Amino acid sequence: MELLIDNLAHGFSVALSLKNLSFALLGALIGTAIGVLPGIGPVATISLLLPITFGQEATTAIIMLAGIYYGAQYGGSTTAILLNLPGEVSSVVTTLEGYKMARNGRAGAALATAALGSFFAGSVATILVAASGPLLTQIALSFGPADYFSLMLLGLVIACVLAQGSILKAIGMVVVGVALGLVGTDVQTGQQRFTFGIPELSDGLGFAAIAMGMFGIAEIILNLERPEAREVLKTEVGKLWLTKDEFKRATPSVLRGTLLGSALGILPGGGASLAAFGAYMMERKMSRGRHMFGQGAIEGVAGPEAANNAAAQTSFIPLLTLGIPSNAVMALMVGALIIQGIQPGPRMVEAQPDLFWGLIASMWIGNVMLLVINLPMIGMWVKLLQVPYKYLYPAILVFCSIGVYSINNNVFDVYTTILFAVFGYMCSKLKMEPAPLLIGFVLGPMMEEHLRRAMLLSRGDWIVFLERPISATMLGIAAFALALMLLPNMRKSKDAAMAG
Amino acid sequence: MSKPTPRRAALSLAPVLALAGLATPALAQSWPSQPIRLVVPFAPGGTTDLIARLVATPLGESLGQPVVVENRPGAGATLGSLLVAHSPPDGHVLVLSSIASHAIAPALYSGVRYDALTDFTHVALLSLNPSVIVAHPRLGPTDMADLARRHREGARGLDMASSGAGSSNHLLIVRLGQLLGKELNHIPFRGAGPAMTAVIGGQVPLMSDSLPSAAAHIRQGSVRALATSGEMRHPAFPEVPTLREAGFDLVTSSWFGLSGPARLPAPVTERLSREVLAILARPELQARFAEFGGTPGTLDPVSFTQFVESELARWGPVVRESGAKPD
């Protein structure tokens, strides 16, 4: 413990130099800016800025890149809440309650909850990374393909159980999502599936294109239909800060979200993308305000935002302890380090203590900076809602197009977005929710991959899913959740809760 | 490695060079007149991207115009390559060619809309990266002989991971299986990172990986290197035998090169080749390449073109035997 404090103190002494602090601030600012511009994600930005880091010291470079990463997470929630535009997997969930809150005039409270919840979760997760990174790595490594499959299956089952409205429609959307997720090159055989000879489809459909089309742009089309809503989203911005009651409701959600997010973030096989979904589902089932879900429940913003940020921090663990990047942003950071002649991995703690502890300290400093940047800006963001639609909508469309294009530098993704905007509009006319579709889209292909890998390793023996304790536990919970869904009286009380 | 006769390749190149030489001497004088785009058909951050960036910066300095790396990933590196095949051959658009896009993909995908030889001017081989067979330090075999014994004796054969179906590492597993007389159970992953995680975690005992991506894990001792696939032992890992030394007649390396659209003016090709070879010969670059397990290339445009030709001829049949299903 004392050693940990010494190390952290050393880290802070590195991170608090004027130069490193200013680069942390710069990174956080850039990150927030790109997070707010829909679609321009951290991957595109970091790859653009990568050459700039070559001239810097390694510690400074990585501190700036980490700042961009967190900043983008924060910024992404802003557009999700204000404009129903999720740019990343994690902010899909934030749109569900956050955008409803914004329509109810509680945009300020939603933004403040997101910022405070993320800050708290980020702080806790940073300490976790510092204190028990190597231990957590061992846990993460013990997850085999069968365990991942059962975890993802559990995620999908819960997605159906807790969907709003018709369960049948929710299952339908999950299945459509899984089908869309299977487009592209089959990982096991290299076979092209559902690509119709279009080379751009061989890597699958883009998440950002689908999410932005089905959420943000479909929402624009819907709003254009309503003459009364055509001017501005909300003339009254409402109180900017949380009320005392809201604060009390959000606190336990943040705590639960932090726990779940920290745990899932360490799993490199797609754990982090489950964090926000999982937290949303948990809040919907457990929180005091569960009857308000679907109408703008603050718990539905607080839990997922905390989980998302905690997972963003703990997903550094595989990178720092094994040298294995757990997502595209991390892969870019590895690239930046290798260019500097530093190989991330278990020996980095001893070989590069400045870098290792400096980075950990700067994670926390970055979170403080984001709070400082974001809280005063809430008033400004909320004013965005008063911009008349005739200016706001064209601007959103332009930024979405730029953002989607920048992911692969390919116009194809822009066409995909348009197509899914039309599809999303049709879905909302039919009262089919896009969220279960996106959950299916993200989890479906991962589930298939892990399932088939588990079967390859077991030579086709299904018992492997029950033999492994982690897998068996997950399957047990999934079966229990399914049983609850099928029991008629349970159904009734669920529908009653929904109606109330 | 099969080597085509120099004469044949020279003949096949002659008309291209002659045409290019005639084309636009004036253009070559002013080249480069604007920043050069280097299309990298892979996602940023990986080995390929690193090699491109390590070369791009000094190349820009030598040429007096910046060389800007542009990542265009997708479809087994064929999307970015196609883009360059269709670009004007003025020397301002180049591509990082590789074994993936220019030797394997043409055999693997029927939808590849370029010819790896006639649609490109191959300028220089940048890097040859041998593959390496790595094992879990406790659960995996201790050396290649142990691997062969366990594979033949075990009822189920051994599992071996790779970065993906149809990758050069997968093809190595196929060839190795043929030499062992019994197919290895190939476990494909989505990229080298997840596959390496599974090996370190003991989910899969063995993996075939490119040396640059495995180098750090070998040095850290989180995996054990059994054999490399180069002609000779790699200078950075002198204690690891080659596959051939271990009794497997298998020499293979993944490679990255610099290519442009077909009919690049000859003076441009010559200048590019000269500058790139000079950069690759620099001690600091040699050191960086050695550190991450690559070998800088030394081929001129003619011999690099021959090399691409021989690689195409070599990998086609292996792809067809590999069971990686073309579309």
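**Strand 7 of chain B**

How many bridges join strand 4 of chain B to strand 7 of chain B, and do the two run parallel or antiparallel? I looked this up before anything else, keeping in mind that the model is predicted. I find five bridges between strand 4 (residues 120–135) and strand 7, and the two strands run antiparallel. To pin the register I picked one pair: B:Val132 sits opposite B:Asp209 of strand 7.

Then I asked what pairs with strand 7 of chain B in the parallel sense. That is strand 5 (residues 159–162) of chain B, over two bridges. Here I noted B:Ala161, whose bridge partner in strand 7 of chain B is B:Met207.

Next came cover. Strand 7 spans residues 206–210 of chain B, and five of its five residues are buried. I split them by face, since side chains in a regular strand alternate between the two faces of the sheet. One side holds B:Leu206, B:Ser208 and B:Ser210, the other B:Met207 and B:Asp209, and both faces are covered. So B:Asp209, the residue opposite B:Val132, is buried too, given that five of the five residues in strand 7 of chain B are.

**How far I trust chain B**

Before going on I checked confidence. Chain B has a mean pLDDT of 82, with 88% of its residues at 70 or more. Where is confidence lowest in chain B, and where highest? The low end is helix 1 (residues 6–23), with a mean of 45, and the high end is strand 8 (residues 224–228), at 95. Over residues 1–26 of chain B, pLDDT stays under 50. The model has 22 contacts beyond four places in sequence for that stretch, but I am not leaning on them. Where pLDDT is low, the predicted coordinates should not be read in detail.

**Salt bridges**

I ran the search over the whole structure and got 21 salt bridges over all chains. I wrote up a few of them.

In chain B I looked at B:Glu70 and B:Arg37, whose side chains meet at 2.9 Å, N to O. What does this pair tie together? B:Glu70 is in strand 2 (residues 67–71) of chain B and B:Arg37 in strand 1 (residues 36–40) of chain B, so the bridge links parts 33 residues apart in sequence. B:Glu70 counts as buried because its relative accessibility is 17%, which falls under the 20% cut-off. B:Arg37 comes out at 32% and counts as partly exposed.

My second chain B pair is B:Arg314 with B:Glu311, closest N and O atoms 3.8 Å apart. Both lie in helix 12 (residues 301–322) of chain B, three residues apart, which is about one turn of the helix. B:Glu311 is buried, with a relative accessible area of 1%, whereas B:Arg314 is partly exposed at 23%.

I then turned to a network built from salt bridges that share partners: it joins A:Asp186, A:Arg193, A:Glu448 and A:Arg452. Within it, A:Asp186 bridges to A:Arg193 with 3.9 Å between the closest N and O atoms. Are A:Asp186 and A:Arg193 buried or exposed? I find both buried.

**Chain A overall**

While in chain A I took the totals. I count 22 helices and two strands there. Of its 500 residues, 60% are buried. Chain A exposes about 19100 Å², and carbon and sulfur atoms supply 71% of that. For contacts between residues at least 6 apart in sequence, 80% join residues at least 24 apart.

I wanted one residue to look at up close and took A:Ala454, in helix 19 (residues 434–458) of chain A. A:Ala454 is buried, at 4% relative accessibility. What does A:Ala454 touch, leaving out residues up to four places away in sequence? I get A:Pro145, A:Ala146 and A:Phe465. I also checked A:Phe149, which is 305 residues from A:Ala454 along the chain, and their C-alpha atoms are 8.3 Å apart.

**Cysteines**

Last item: how many disulfides are there over all chains? The count is zero. I also looked up two cysteines of chain A: A:Cys400 is buried at 2% relative accessibility, and A:Cys427 is buried at 4%.

Notes: Residues numbered from 1 in each chain as written. Chains lettered and ligands numbered in written order. Heavy atoms only, no water. Salt bridge = Lys/Arg side-chain N within 4 Å of Asp/Glu carboxyl O. Buried < 20%, exposed > 50% of the residue type's maximum accessible area, 1.4 Å probe, protein only. Helix = DSSP H or I, 4+ residues; strand = E, 2+ residues; numbered from the N terminus. Contact = heavy atoms within 4.5 Å. Areas by Shrake-Rupley, 256 points an atom, 1.4 Å probe, with all protein chains shown as cover. Disulfide = S-S within 2.5 Å. Pairing = 2+ DSSP bridges. pLDDT = per-residue confidence, 0-100.
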